[in-house]
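Colleague: Could you take a close look at one part of this model for me, namely the pocket and the side-chain pairs, and go through it slowly enough for a first-year student to follow?

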Amino acid sequence: EWQIVTAMGDKKMKDSFTAELTPKGEGLIWRWGGTDIDSGQVATAVGLMGWDGQNGVVIEHMISSNGVTSQSSWHGAGNRWTCRDKSNEFIDGEYKPTVADRVVEWESDDKFIVVASNRLLSGKPQPSVRSVVTRKK
């Protein structure tokens, strides 16, 4: 199990997630629970990640309990991976398209940093978001 501390300007959130390999080990399933930093809604989410050997990328699909969906293609190697994330946030009763550049950098087996920058919500610039993810002891 992992703990996430996310910051966007003065806003801070604490969330958690778990991850496990699929039964045959060909993908990864993750589950998240916490507060969406954009909408402020408490939600849960599940994601599936797997290797696309034809294109040489990791594909990720996510759906959450508050109606958010996203898909990403991760590129990279070693401890640094990047993607252009596309999602639909459900805020104030309507879906709003969201895009962001995400970078994941592993600092150790027990800690990684996720930064979402160049964020747009319905075409409007949004502040960057930084998450520090640590394995719970």
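Modeller: Before turning to the pocket, it helps to know that Ala, Val, Leu, Ile, Met, Phe, Trp, Tyr, Cys and Pro count as nonpolar, that Asp, Glu, Lys and Arg count as charged, and that the others, Gly among them, count as polar. Please keep in mind that this is a predicted model. With those classes in hand, the lining of the largest pocket divides into 25 nonpolar, nine polar and nine charged residues. The space in this largest pocket comes to about 1,300 Å³, and of the 43 residues that line it, I4, W30, E60, R102 and V114 are the closest to its centre.

Two of these names return among the charged pairs, of which the structure holds 10 in the form of salt bridges. Side chains of opposite charge can pair when their charged atoms come close. In K136 and E1, the closest N and O atoms are 3.4 Å apart, and because K136 lies in the segment after β11 (129-135) while E1 lies in the segment before β1, this salt bridge ties together parts that are 135 residues apart in sequence. K136 itself counts as partly exposed, at 38% relative accessibility. A second salt bridge joins R135 to D110, with the closest N and O atoms 2.7 Å apart; here R135 belongs to strand β11 and D110 to the loop between β8 and β9 (111-121), so the parts tied together are 25 residues apart in sequence. Both partners count as partly exposed, R135 with a relative accessible area of 37% and D110 at 32% relative accessibility. Salt bridges that share partners also join E60, D85 and R102 into one network, and E60 and R102 are the two already named among the residues closest to the centre of the largest pocket.

The aromatic side chains form six pairs in this structure. In one of them, the rings of W2 and W106 have centres 6.0 Å apart and planes at 80°, and since planes over 60 degrees apart count as edge-to-face, that is the class of this pair. W2 sits in strand β1 (residues 2-8) and W106 in strand β8 (residues 94-108), so the pair ties together parts that are 104 residues apart in sequence. W2 counts as buried because its relative accessibility is 8%, under the 20% cut-off, whereas W106, at 34%, counts as partly exposed. W2 and W106 also belong, with F17 and F112, to one aromatic cluster.

Technical notes: Residues numbered from 1 in each chain as written. Predicted model: local features only at pLDDT ≥ 70, side-chain atom pairs only at ≥ 80, totals over all residues. Heavy atoms only, no water. 1 Å grid on protein atoms, 1.4 Å probe; cavity = no way out; pocket = protein on both sides within 12 Å on 5 of 7 lines; lining within 4 Å. Points joined across faces, edges and corners; volume = space filled by probe spheres on them. Phe/Tyr/Trp six-rings, centres within 6.5 Å; stacked < 30°, edge-to-face > 60°. Helix = DSSP H or I, 4+ residues; strand = E, 2+ residues; numbered from the N terminus. Buried < 20%, exposed > 50% of the residue type's maximum accessible area, 1.4 Å probe, protein only. Salt bridge = Lys/Arg side-chain N within 4 Å of Asp/Glu carboxyl O.
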